[in-house]
Amino acid sequence: MADFGARLSQRTAWTREFAAPMRAFLRTEAGSSGVLAAAIVVALVWANVAPDSYESFWHMDLSLRLGSGELSMDLMEWINSGLMTLFFLVVGLEARREFDLGDLRDRSRFVLPLVAGVAGMVLPVLIFLAFNLGGEGAHGWGVAMSTDTALALGLLALVGRGVPDRVRVFLLTVFVVDDLIALLVIAVVYSDDLSWMPLMIGVAAFAVLVAVSVLGFRKPPIYVALGIVTWAALLESGVDPVVAGLAIGLTAPAYTPGRDELEQASGLFRLFREQPTPELARTATVGLTSTLSPNDRLQHFYHPWTSYLIVPLFGLANAGITINLDFLAEAYTSPITLGILVGYVVGKPVAVMATSWLLARSSRGRFRPLVGWAGVAGSGTIAGIGFTVSLLIATLAFDGPELAEAKLGLLSSVVAASLLTWLVFRATALLSPPKKAVALLGEADQLVDLVEPVDPERDHIRGPESASVTLVEYGDFECPYCGMAEPVVRDILRDDDLRFVWRHLPLSDVHPRAQIAAEAAEAAGEQNAFWEMHDLLLANQDKLQAADLLRYADQLGLDQQRFHEDIKRHVAAARVAQDVETADLSGVSGTPTFFINGQRHYGAYDVATLTQAIKTARARAAILHLRSGDA
């Protein structure tokens, strides 16, 4: 039973690596925040117990030599300008993924996140400058700009337990702008004197990388070589080379594979199964991998490394400051510390909430937040956490006591922002359920992923037609994952405000009996026994031969002659093909794939996960009902 639950917690056979990009990103960031927090604590302890050791270790020189050429930096620089390039590669990949597959694929939905994100950077900078105008710290205004989205998501999971995924997604879409603009600031403001020849070489190498990507070259060594040339050229030019990671990430398209590509890949695997030779193994591997988008492949490889190793290592190398009472007394009266602290803790939430309200009001609701106002407020307060990029800018803008004061301001903002966010969601939890739903989820219309809406005249529906939540499954009677999902669906159908719709998606290239099983279900449906046959087929997935299907028809008391003739003449083939066509239109390529009130469900399909998703959908349906009633 434990193994059964664990298998259900996987994603669908075709899509577990790429079909849930946003939620996979959220889980990785939330999980890695604990590692980052531990690294920060270790850095602080190390810097206070053995400050000389801490400083000397991270300033140890490390050189790479190739012939007469030499690249020499200390360990901290290798981390800040080298390994952090991979972190910004992942940032660029996620930004591109959100544009290609996320809510921002509807470009009008980018307006509010863009404006709120920019305002959430400008106001903290203005506050910082108000504290430091005319002082020595004014040139470090870039420290007060950027939200550490990874750490913010992780701490949101701790202080905002029970908060819908929608709030976390809103936070990510708003503050994906942060890192993009912060990188431009680093390149323009905090880079050394520019050397034009290396800069042109870097731009040329990047242009070639884009060209080979557009032309569809699939050789990873080409991209690695061009990426290294771009990075090295930018380093030599005086521009912080982490910009190269962001730029490369933005060029990697994200998409879900089509069924044709998947069928070709499974064909290559069958060839290998018949003749297991090294050449066919390589061909099958390349074919399977090529069905995934470049974005998916890069994310899958780099994201865990950046989240669990590189960013914590960055925190360990940069967060250490020597703390004593004299330092605290001086730092908390320093305009640098106060400018950063007030900028993040006050400026971020005020900017996000005020901009969202003004834009929604001035556009008469055309541009409104994708969450409720409690979600906006909580996103604004947790956005007051600035660490990774801000600390990187601090190391470029400050040194000595000023750098220590900036670090203290950033660490203090983490604590204060977390406390404020807890208070926001604690207050929201005290509201009545309907008011809480509106406060968290808002009234914005959601994107509909299911292209072909449910048609009671054509679709097979289980449950009350008046239900506020509709669960659609594209399934394959021979697919083992659909078989595992069946008891879960049965469990949640105890809900008397839920209707379930089955649509056929036989994956005939891997399940040779799936098509005939789908036609058998339709043939039974012609005799008003679709759901009875549906249940039998999923309960006996290894017994789908013609004789088995006839036995099931007899077991259900069907007219066997009519049933046999319908299957023999493929009467239902066109009906099954219609379902397959609607699957293609909705971007479905694997089974089982679920849609809840028209929105595709990404992630696990165990009872707890689906029940929570249905609960959220019901709350949104109630909000829309109230809004239509008010109208």
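This report describes strand pairing, helix packing and selected residue environments in a predicted model.

## The five-stranded sheet

An open sheet is built from 5 strands in the order E3-E5-E4-E6-E7, with mixed pairing. Its edge strands are E3 (460-462) and E7 (599-601), each of which pairs on one side only. From one strand to the next, the twist averages 30°.

At one edge, E3 runs antiparallel to strand E5 (residues 498-504), and 3 bridges join the two. Within this pair, Ile461 has Val501 of E5 as its bridge partner. Further along the order, E4 and E6 pair over 4 bridges in the antiparallel sense. Here Leu471 is matched with Ile596 of E6. At the other edge, E6 and E7 are also antiparallel and are joined by 3 bridges. The bridge partner of Phe595 in E7 is Arg600.

The link between E6 and E7 is a hairpin with 2 residues between the strands, and Asn597 in the turn has a positive phi of about 50°.

Which residues of E6 point one way, and which the other? Thr593 and Phe595 point one way, whereas Phe594 and Ile596 point the other way. All of these residues are buried. This arrangement can be read against a general pattern: in a regular strand the side chains alternate between the two faces of the sheet.

Helix H20 (residues 480-492) lies across E3, strand E4 (469-475), E5 and strand E6 (593-596). Relative to E4, helix H20 runs at about 165°.

## A separate hairpin

Strand E1 (residues 61-66) and strand E2 (residues 69-74) are antiparallel and joined by 6 bridges. Arg65 has Glu70 of E2 as its bridge partner. The two strands form a hairpin with 2 residues between them, in which Gly67 takes a positive phi near 65°. E1 is hardly covered, since the count of buried residues among its 6 residues is 0.

The antiparallel pairs described above are set out below.

| Strand pair | Bridges | Bridge partners named |
|---|---|---|
| E3 and E5 | 3 bridges | Ile461 and Val501 |
| E4 and E6 | 4 bridges | Leu471 and Ile596 |
| E6 and E7 | 3 bridges | Phe595 and Arg600 |
| E1 and E2 | 6 bridges | Arg65 and Glu70 |

## Two helix packings

Two packed helices are described by the angle between their axes and the distance between the axes. Two helix pairs are considered in these terms.

For helix H4 (residues 75-100) and helix H10 (residues 242-250), the axes come within 6 Å and cross at roughly 25°. H4 and H10 are therefore roughly parallel to each other, as angles under 35 degrees count as such. The crossing of H4 past H10 is right-handed. On the H4 side, the contact is made by Asn80, Ser81, Met84, Thr85, Phe88, Leu89, Val91, Gly92, Leu93, Ala95 and Arg96. On the H10 side, the contributors are Val242, Gly245, Leu246, Ile248, Gly249 and Leu250. Sorted by class, the contact of H4 with H10 has 10 nonpolar, 6 polar and 1 charged residues.

Helix H21 (residues 514-525) and helix H25 (residues 573-585) pack at an angle of about 110°, and their axes are 9 Å apart. The angle makes H21 roughly perpendicular to H25, because values of 65 to 115 degrees fall in that category. H21 likewise passes H25 in a right-handed crossing. The contact is made by Gln515, Ala518, Glu519 and Glu522 of H21 together with Ala573, Arg575 and Val576 of H25. By class, the contact of H21 with H25 has 3 nonpolar, 1 polar and 3 charged residues.

## Two residue environments

Is Asp509, in the loop between E5 and H21, buried or exposed? Asp509 has a relative accessible area of 18% and is buried, because the cut-off for burial is under 20%. Not counting residues up to four places away in sequence, Asp509 touches Leu262, Glu263, Ser266 and Arg270.

Thr609 is located in helix H26 (residues 607-630). With a relative accessible area of 28%, Thr609 is partly exposed, because this category covers values between 20% and 50%. With residues up to four places away in sequence not counted, Thr609 touches His601 and Ala604.

Terms used:
Residues numbered from 1 in each chain as written. Predicted model: local features only at pLDDT ≥ 70, side-chain atom pairs only at ≥ 80, totals over all residues. Heavy atoms only, no water. Pairing = 2+ DSSP bridges. Axes fitted to C-alpha atoms, helices over the stretch in contact; angles between N-to-C directions. Contact = heavy atoms within 4.5 Å. Parallel < 35°, antiparallel > 145°, perpendicular 65-115°, else oblique. Left-handed = near helix turned anticlockwise from the far one by under 90°. Nonpolar A, V, L, I, M, F, W, Y, C, P; charged D, E, K, R; others polar. Buried < 20%, exposed > 50% of the residue type's maximum accessible area, 1.4 Å probe, protein only.
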